[in-house]
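Biologist: I am new to this structure, and I would like a close look at one part of it. Could you take me through the salt bridges, and what places each partner in its setting?

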Amino acid sequence: MAIRMPRIIKKSSTAGDVPRGHFVVYVGEKQRKRFVIPISFLSQPLFQDLLRQAEEEFGFDHPMGGVTIPCSEDFFVDAVRIFSLISHLA
């Protein structure tokens, strides 16, 4: 049985391309990359921990229009895979 992973849009673009039910986060230690992720990830405890870290480090006033997550891109991509698997199994 194949596990279908939700599409994660990873590109620099305008706010108009964010699909309904998704939101933008910026991830990376030096160069920030833009990810459009499903709002269903907000219910994941690990993602909530990342948001708390983001609040502590950056606050929630973001001039770029999305939340900046303080972790490496590799860590975030791995976390998204976990969120996707959890969402699929639920």
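Modeller: Asp78 is a good place to begin: with a relative accessibility of 40%, this residue counts as partly exposed, a class that lies between buried (under 20% relative accessible area) and exposed (over 50%), computed with a 1.4 Å probe on protein chains only. The model is predicted, so local features need pLDDT of at least 70 and side-chain atom pairs count only at pLDDT 80 or more, while totals for chains, interfaces and linings use all residues. Residues are numbered from 1 along each chain as its sequence is written, and side-chain values use heavy atoms, with hydrogens and water left out.

The side chain of Asp78 meets that of Arg81 in a salt bridge at 3.1 Å, N to O, the term meaning a side-chain nitrogen of Lys or Arg within 4 Å of a carboxyl oxygen of Asp or Glu. Arg81 is partly exposed as well, at 44%, and the two residues are three apart in helix α2, about one helical turn; helices (H or I, at least four residues) and strands (E, at least two) are DSSP runs numbered from the N terminus.

A search of the whole structure finds three salt bridges. In helix α1 (residues 45-58), Arg52 and Asp49 also lie three residues apart, and their closest N and O atoms are 2.7 Å apart. Glu73 pairs with Lys33 at 3.6 Å, N to O, and this pair links distant parts of the chain, 40 residues apart, with Glu73 in helix α2 (residues 73-89) and Lys33 in strand β2 (residues 33-38).
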